[in-house]
Structures are given as C-alpha cells and as structure tokens.
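The exercises below are meant to be worked through with the sequence and the model side by side. Try each task before reading the solution that follows it.

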Amino acid sequence: MFKLFDMLKGLGEQLHLKPQHSFTGGVHPQEMKKTAGLPSMTCPLPKQIILPMKQHIGDACEPMVKVGDYVLRGQQIAKSQGYLSVPVHASTSGTVTKIEDHVIAHPSGLGLPCIFIEPDGKDEADESLYPLPNYRSIDPVELRERVRSAGLAGLGGAAFPTFIKLVLDQQYKIETVVLNGIECEPWLTNDHQLMLEKAHEIVTGMDILMHMVDSNQGIIAIEDNKMDTVDVMQRTLVDMGLDASIRIEVLPTKYPQGGEKQLIQVLTGKEVPAGRLPIHIGILSQNVGTTKAIYDAVCLGEALTERMITVSGDALPQPTNMRVRLGTPVAWLLEQCGLSDADGIKVLHGGPMMGDILTDMRIPVVKASNGILAMRVVTLMLAHHQEDPCIRCGDCGDVCPAGLMPNLLAMHCKEEQFEKAEDYNLFDCIECGACSYVCPSHIPLVHYFRFGKGQVAQIRREKSFAEESRQRSEIRDARIAQELA
Amino acid sequence: MIFLSSPHQHSGNSIQLTMFSVIIALIPAAMVSVYLYGWLAVFLLTTCIGMSLLTEYVVLRMMKRDTARLWDGSAALTGLFLALVLPAAVPWWIAVFAAVFAILLGKQLYGGLGYNLFNPALAARVVLLISFPLYMTSWLIPMHMGAMLDMYDFSSSLSFFFLGPDAVKQTWDAITMATPLGYVKTELTQGVTVGEALANYQYSTLNAFIGREAGSLGEGSALALLMGGIWLMARHTISWHIPVSYLLTVAVFAGIFNLINPDVYAPPLFHLLAGGLILCAFFMATDPVSSPSSGIGKIVFGVGCGVLTWVIRTYGNYPEGAMFAVILMNCITPLIDYYIRPRVYGYKRGKQA
Amino acid sequence: MHVFYAILIFAGLALLIGVVLALASRYFHVEGDPLSDNIDALLPQTQCGQCGYPGCRPYANAVASQEAEVNQCVPGGERTMLEIADIMGVEPKDIEEEESVPVVAYIREDECIGCTLCIKACPVDCIIGAPKQYHTIIADQCTGCTLCLEPCPVDCIEMVEVPELLEHWSWPVPGTLRAQVAEKRRAVHHEANHEEENV
Ligand code: SF4
Ligand code: SF4
Ligand code: SF4
Ligand code: SF4
Ligand code: SF4
C-alpha cells in the first residue's frame, strides 16, 4: 500500500503538484550509518605527518620550510601559488624530515610533493593568528583574509577554497546563507556527529558568514534521518537568540540531496544556471565542517589542522568518528580502530557513492577527507559486477539529478564519440553515481563519464600543443626559406 | 587492482531480477489462460518458453557468447510473452516457428539483448499474423463457455495440439468463435450498430474484466493483467508513463468519437478491456529495450501507441490494432530518444543556459 | 510463401538500416573548403615523418589530393585516422595502434660537443644552444619526433618518458589497452615510492 502511495507521490512530483520543492531523480541507498550517535574520539598523533602541497581544488602550494626546520602546530609551511589556492599549515609541532613526492588520495595513485614532519609530541601551537572574538565589529575583508590564511577549503569533500565563495562585492548580493548538514552519503556520520557535539561553534560560524556577506537569512538543512541534530541545533539557535534569522529545514532523505545544486533547488526551487555559481543567484552554501572551521579560524585564531572523519566500513572492528590531524596516514587511523590485517580489504576515501579506492595505506588524510571506509573486497565486488549490455530501461535517466540520459552519454563515451557526448551534456554530470547505482546491467556509467571528461581535456591539450608545434614549424620553414633566398 | 570508479555501492537490481519480476507479474494471466483453455494452454506455454530457451542457447553457443546469459531471463520472458499473444488454436509447429523466429530474427540478428529494435515476441506475432492468417484469427471457445470440456483434457489437447482439429473429430467452425472486437467489426460492415452488435454477442463488461472472453491466451483477463502490471509499477520495474498515457489516449479517442456517433464508434470501456490492449500497455509497450528511455519520451510513445491502436481498430483491416501499434512505435523509438530529451539542470528548455 | 516474405522483411530491415546509415555518413558529410588545412589541423604536428612525408603539412596535402592513405600517421593513432577518414568521406582503414607512453628528447649535456647538428634537424626549433656549447632541449615544446637522435655524432641524445602529471591524469576504461598501460605506470610509480621508503 505504501508502495502505491509512493508511486502516486512520484506521479505528483512529476506533474509538479507537490507543494515542497524537490530535485529530480535521486536514489535511496542503504544508509549503513553505523557510527551515528557514537561520541567522537581523538586520534593519537602518528609517527609521521605527511602534508601534500595541494589539498584543495586549484593550484598547488610552494613549500616555505626546509628539511630540518622546527615547525609549530598551525604554522604556515607552504604558501599559495595563484589565486585559486589556500596555504598549508603544520598540523602538529615537530621537525621537517623531508620534502618529496608521495602518493596522495587520488584515483590515479600518482604522487605530489609533500612535506614530512616528525612530531615531537609536545604539540606546541603557533600564535601568529590572534583570536577575533568580536567578529561582528570587524571588517568582512579582514575576516575573509583570515579565512584564506587559515587554509580553509570545503570540508564536505570537494575542497573548494572557502574564501572564494565569500564574495563581498555588491554585484552579487547574497541573500541566503545555507548550512549544508545533509550528509547524504551512506556510512558517513562525521557532519552528524559534529552538529551534535559542536552545535554552538557551528551556529557561531554561520553567524560569522552572515555578518561577512551581510545577509540576515540563514537556513540549516538537515535530512530527516538525523532528527536528534535538529533538536540540538534548534536549542542552540534559541539559546543564542538567532532563531529569528536562522531557520532549520528538515528534508526527506534522498541521495544526492547534499549536492550543492540539488540542495539549492530543494530549498529555494531555483536552479543554478549552467556555467554559473550559487552566488549568482544570491546563495552561499557551506558544509557544517567548514563552518566550524570558520569559527576556529576567527574566534580562536586557529588554522585548519584537524578535522572530523568517519572511520568505518564493513571490515572495521570498531568504527567511530575521529578528530584527526591532517597528514595522518590512513594505516595509522585504521590501526586505532582495531584493523590489524588488511588482507582482502580495500580502503575508500570518502563515501561509497562518490569516494575513491585508495591505492596505498600510507596515503595521508587531507582537508577533503570526510570518511575512511575499510571495505571487504567481496562487498565492493558486488557493486563492481561484470558489465551486461544496456537494456535501455531508462532507470539511470529517471534517477539522474542533472536530467541527463546516462545510457546514451555512456555509449558515446565508450565509442569515443566525445562531441556527441558533449552534446548530451557530458560536463553537466556531477558524478553523483546515482545512475550506476541503479543500473540493472551494472554498467559503470560514471566511469565512462570520467573517462570521457578526461579524454576531452586530453584532446584539448593535445590540440593546443599541436597548434603551437605547427606554428613553431611554420616559423622554422619560413626562416629556412629566408636563409636559402 | 584495476581502476574502479565510484559508486562502490549498488542497488542490487539486475537484468535477471527485472526479467523475473515481469515473469512473476504474468503468472496470474498465465493461470487464467490455463483456466480458459486447459491443457492446451499448458502445452503452448511450455513449447514457447522451451523453444525460446533452446534457440537462445544454440545461438549463444554458435556466436561463442557466454551461455550464462541464458539465465538472465530475457529468453524465457520472450517465450512467455509469445505464448500469451498466440491464440489457443495454433498447432505445435507454429509455436516452434514463432519462438525460433522471435529469438533468432527478432533479437539475436540485431545483436542480442539491448539492441533489438522491436519487441521480439510482438515481431514474431505480427509475422505469424501475416503468414498464417487462418490460425492466427481462429479463437477457440473457452472452456467455461460450453460443451467443449472434453476438448481440453490432457489427451485431446495433446492430439489437437499436434494433429489439428480432425484428430479430435471437430471442425474449425464448431470449436471457434469471434472475439468481441472481431465480431463488432464484422457486424459494423454489415450496417449493424455497435449497441446491437454487443447485445447480439451477449457482451458483458464484467465478463471482459474478470476474463471470460475469447482471445489470445493472455488476453483473457484484464483483472489478472492489471494485478501484475500494478505490482510491477509499485516495484518500479516498469514506470507509469507508458501504460497510463497509452490507456488514457485510447480512452479519450474512443470517448470523443463515441460521443459523436455511438452507433459507429464503440465506447471507451469496451476499447480498454477488449483484445490485447491491457497486455500491450503494461507488458509489451513497456519492454525497456524497444521503448524510449526518458520519461517524456515514454509519454510520447504511449500516446502514439494509443492513437495508432484506436485508428487501426476503427479503420484498419484487422480488428485488433494494439500489437501493430506497439510495433510501429518501436520503429520510431530511436527518433523519440534523439529528439526528446529531458531538460538538463540549469538549462532552459531548448538548451540555453 | 508469406513466411518467406516476412523473414525477408525483418532480416532486410536490419540490413537496410545499417546500409542507409553507412551511406548517409558517406554522402552527407560536410565538405570543408580548404581540405588540406582541415586535415592538417587534425594531425598531431609531431613532424616525425613516419607517414613517409617530410612533415605533417606535406602529408595533409597528400591525403587531400588522395595520394596518401588516411592511415599513415602513426603518432595520430586511430582517433586521428577516423577523423581524417570522416572528412575525406572514405572508409576507415586499419592502423597499428600501440598505446605508447609520451616521450621527449633529452641531451646528456656533459657529452654534447656543440656541433649544432641537432638544431638543424629539429622541426619545431625546440633545441637551444650555440656552436661549441652545450645544447638543451625545451622539454615543453619537444614533440618527441626523434629526428634529432640520428644526426648527433656522439649519440648523446636519448628519449625519456614524460613524467605523468596528476592534473593531466584521466580515467582509463577498464579492460582496454589504455587501462593496462596506465596500470603499469601506476605500478612503476608505487615501486619507486617503496624504494624510497626502504632506503
Ligand atoms: S540503467 Fe543501465 S541498463 Fe538501464 S538504460 Fe541506463 S545504462 Fe541502460
Ligand atoms: S553521475 Fe552524472 S549522469 Fe549519473 S546520475 Fe549523477 S549526474 Fe546523472
Ligand atoms: S606521421 Fe603524423 S605526426 Fe608524423 S609527420 Fe606524418 S602526419 Fe605528422
Ligand atoms: S628535440 Fe628532437 S625529438 Fe624533440 S622535437 Fe626536436 S627533433 Fe623532435
Ligand atoms: S647533435 Fe649531439 S653533439 Fe651535436 S649539438 Fe646536438 S646534442 Fe650536442
């Protein structure tokens, strides 16, 4: 009977009869949130900290320290190169032992320059960032600079430099600040736990954001599988006297509601136009972890050196949420949760829907690491079943939040017809994985899209290199002709 | 370790699950067919399903494909479909021919599951209708309707199935009758009004609904088909788009013309319950491979089927148009998929940002 | 008799569609005006001469005037061949595809005697150096054509693999040649990492 009701509701949604907004498509993966409600623990310092020079989307940083230097916790050790970049800070006190390439959390399994620190155990803090507790009386420009220099990048998983989103000019007036507490990925509960434990800090962080962009409307979005946080957040809002300007929206659970574009669509009914950003329609959205980090950076004067991570997975004896120093190797983290033998186990970085399989256990956690999941290979292989032919059922299109036709898109990518793939809006795919999740033929659709996107980028690079080579060779031919003449 | 992209979790849906859901949904209809035609229905069902599986196996072996594909359920489903669209009167060799044709030419020739342009069972059925019109338009009188009981016991059914009517000392005329659609059509050509024709036929809407009319095996009971169809919709194995738009279109067309001239145009409820419409709307037209993928595309497809069905039934040579309609719409599925795409997030209709 | 027709029709339909599509792609392709320019734009501009012509431009001219086949450019691989076949409106041909790792030339400078012969050979002018001095290759501009190797009297030029950049990495499709190559490179990378660790 419920199924029938659901169906009618779906029919209503399609006909836009539903009063509340929703995003098109979406799936309901098994939640597996084993760690929900477990108090978080602090991860002990590892023997070695490895800090990659690029932990955000954008340009890599340049090391500012030498081998042998003594660094303090929170001390800036690498400076940003280019605009789209944030600095890197030492996450504990100790000695820099080497600066060289090391594998990082990236599907390629390739490496980047990293700074290696051997902790001295004292964990002395650097005092160069002073606390700004009276943020309401401080110029937003200064606060924005603080957010940048504290190394903040989105902690939800995408790691987009936070300060870039905080546009202060009046051209794009931000009306609404959205706090993204959706956490729609299965297994992950780090945002959930953070909201339970640090509600005050998070709400203050949100107040800082609203002050900076001069907005007086805030929305905290939480899915209805986390009702305990709703209570806590509501109480905190009332305690702090902010319940007039900030409201909580409880949304029915659906993946990928936590996607920025989808969340905005659900909350406001507006879509972010293609090729534009949420600020262009007056919205700033931040993840709860980032918001808490904003509080730390402003009110406590602390750079980003630690984050909450869900350490879980079906192969882990003691799953939990941990506060982990950036740069801690994954192997160390899993050891703390009782994992001794890594045979038949693969580690996921991020949630199962959008995360990557780690190629190496020595990879350090970074700003974007929201979850580390130790999964049995047999479990993973259930998802990576052998590919059958597409039966054109259209399920993939039904669940696509971007309104694409994944089956045709994947076919064009597979056949290397990239122009057609682009015509089918390849680059509007947010790689949420909903399509692969439902495909009865187990076609790795997202894999094909990633392949296609990579190939298109590669072809563009090759074309521009070929064009440069052609010009160089023409110049040479002309020169030779001249010499002969 | 090879490169594996996210997602690393899966819904557990599979081709097999989809196909077997449809098979389960068809079980009530198959049971009704046994109730109507006794052992004859059993023979027909087993022959069609068995031959489909056999053909599929042989083709897979010949093409050196993985023979495990046999168990994905698609061949069994094609066989079941096929049996349900055949009249009970067909002899064994037509059933065998149809199964081989459906799998070999309807499906594998196009490249196997996923590449066929037409629903294989329907393609086979249409070919049979053109090739053997006598067998394909003779409808046995269902068991409950008369003194035919002894014809449907095990041994008589067996003789009839393999040797034809002579073997059971019957003539075609004695054991067959017209379907409501066929009867109305013939009468109309002779100037009888729809109302009178239905009265002569002793047509009853209730009978048509719960399934006591002559027709193909699976056309007997609208109720049984609806049960299966709605179950599939609730399970999201098929989406609502095609059945709803298809049936609505037929109802609307029939309704309008019935209002204009009730003597010539049959009423909508008659159209909805008659012939293979419900079977086609829920099971044939929704065949994933040969219908469009997008929601709007499916609605267009359903409307197209509806219009064609009504037009063929009303103006065509054949009394029943549902299967032709679906086959015709199958042809333009690629076109629908090309031109009708869902609106992409962040774009206005017609693709500007 | 009817049966025969029916089978014929269905078998024919599948065939017909194939033929129509093939014909359509041949007759409806868009003819560009300066054909050789368009072909030249598709070529990788490695200028290596493996096509049998002294560079990409001459090969483009030869293809445009139908003197050369469409499958002679080795560095371009299958993708380029298909593109050329498309604008020429001819059937694609087989091409030996080797999924190769990109390479650039590198001069072992302490051995170089500064004879400048390599500079004359380089089709894209990416070697710098004056007579009697060390020569250096601008790696970013080298197309990897290997033309400079042969003239060097002391054999001090070698081809080295371009290190794979994380930013330029792209997902290989599983089970393809490209995936195997990528896999191998990843293994090599990891080995290098482990060695460091062990030292
Ligand atoms: S869900 Fe899979 S089988 Fe169905 S249409 Fe999409 S790609 Fe094809
Ligand atoms: S991964 Fe891309 S194509 Fe697939 S559902 Fe998500 S947005 Fe749509
Ligand atoms: S083989 Fe290709 S890259 Fe080399 S010169 Fe000929 S056209 Fe240019
Ligand atoms: S340096 Fe050598 S390999 Fe590189 S482009 Fe010049 S000639 Fe070719
Ligand atoms: S040809 Fe060899 S020796 Fe001569 S300049 Fe070039 S690298 Fe040096």
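**Exercise 1. Locate B:Pro7 in chain B, and then describe the backbone at this proline and at A:Pro256.**

Solution. Begin with the position: B:Pro7 lies in the segment that comes before α1 (15-62) of chain B. In this predicted model, the peptide bond between B:Ser6 and B:Pro7 is cis, with omega about 0 degrees. Turn next to chain A, where A:Tyr255 is joined to A:Pro256 by a cis peptide bond with omega near -5 degrees. A:Pro256 belongs to the loop between β11 (246-251) and α7 (260-268) of chain A.

**Exercise 2. What is the sign of phi at C:Thr116, and between which elements of chain C does this residue lie?**

Solution. The phi of C:Thr116 is positive, at about 65 degrees, although the residue is not a glycine. As for its place, C:Thr116 sits in the loop that runs between β1 (103-107) and α5 (117-121) of chain C.

**Exercise 3. Work out the order of the open sheet of 4 strands in chain A, and find which strands stand at its edges.**

Solution. The order of this sheet is β2-β8-β7-β4 (chain A), and the pairing is antiparallel. The edge strands are β2 (49-52) and β4 (70-71) of chain A, each of which pairs on one side only. Now follow the individual pairings: strand β7 (residues 94-103) and β4(A) run antiparallel and are joined by 2 bridges, and within this pairing A:Tyr70 has A:Thr95 of β7(A) as its bridge partner. Between β7(A) and strand β8 (residues 111-119) of chain A there are 9 bridges, again in the antiparallel sense, and here A:Lys98 stands opposite A:Phe116 in β8(A).

**Exercise 4. Why is one side of β3 and of β6 of chain A left without a neighbour in the sheet?**

Solution. Start from the order of this open sheet of 3 strands, which is β3-β5-β6 (chain A) with antiparallel pairing. Because β3 (61-63) and β6 (88-89) of chain A stand at the edges and each has a single partner strand, one side of each has no neighbour in the sheet. To see one of the pairings in detail, take β3(A) and strand β5 (residues 76-80) of chain A, which pair antiparallel over 3 bridges; A:Pro63 has A:Ala78 in β5(A) as its bridge partner.

**Exercise 5. Describe the interface between chain A and chain B, from its extent to its individual contacts.**

Solution. First count the residues: 65 residues of chain A are in contact with 43 residues of chain B. The area buried between the two chains is about 4,700 Å², and carbon and sulfur atoms give 57% of this area. Next come the polar links, for which the count between chain A and chain B is 4 salt bridges, one of them formed by the side chains of A:Asp423 and B:Arg341 at 3.2 Å, N to O. There are also 26 residue pairs in polar contact between these chains, both residues being at pLDDT 80 or more. On the side of chain A that touches chain B, helix α1 (residues 2-14) of chain A gives the most, with 5 residues. Sorted by class, that side of chain A has 34 nonpolar, 16 polar and 15 charged residues.

**Exercise 6. Which residues surround ligands 1, 3 and 4, and how do the shells divide by class?**

Solution. Around ligand 1 there are residues of chain A, among them A:Cys390, A:Arg392, A:Cys393, A:Cys396, A:Asn407 and A:Cys439, and the shell divides into 8 nonpolar, 3 polar and 1 charged. For ligand 3, the residues that come nearest of the 14 around it are C:Cys48, C:Gly49, C:Cys51, C:Cys56 and C:Cys73; its shell has 9 nonpolar, 5 polar and no charged residues. For ligand 4, the residues that come nearest of the 13 around it are C:Cys122, C:Cys142, C:Cys145, C:Thr146 and C:Cys148, and its shell has 10 nonpolar, 3 polar and no charged residues.

Note on methods:
Residues are numbered from 1 along each chain as its sequence is written. Chains are lettered from A and ligands numbered from 1 in the order in which they are written. This is a predicted model: local features need pLDDT of at least 70, side-chain atom pairs count only at pLDDT 80 or more; totals for chains, interfaces and linings use all residues. Side-chain values use heavy atoms; hydrogens and water are left out. Contact means heavy atoms within 4.5 Å. Buried area is the accessible area (1.4 Å probe) that two parts lose on being put together, summed over both. A polar contact is a pair of N or O atoms within 3.5 Å; within protein, one must be able to donate a hydrogen and the other to accept it, and residues adjacent in sequence count only if both atoms are side-chain atoms. Ala, Val, Leu, Ile, Met, Phe, Trp, Tyr, Cys and Pro count as nonpolar, Asp, Glu, Lys and Arg as charged, and the others, Gly among them, as polar. Two strands pair if DSSP finds at least two bridges between them. A residue is near a molecule or strand if one of its heavy atoms lies within 4 Å of it.
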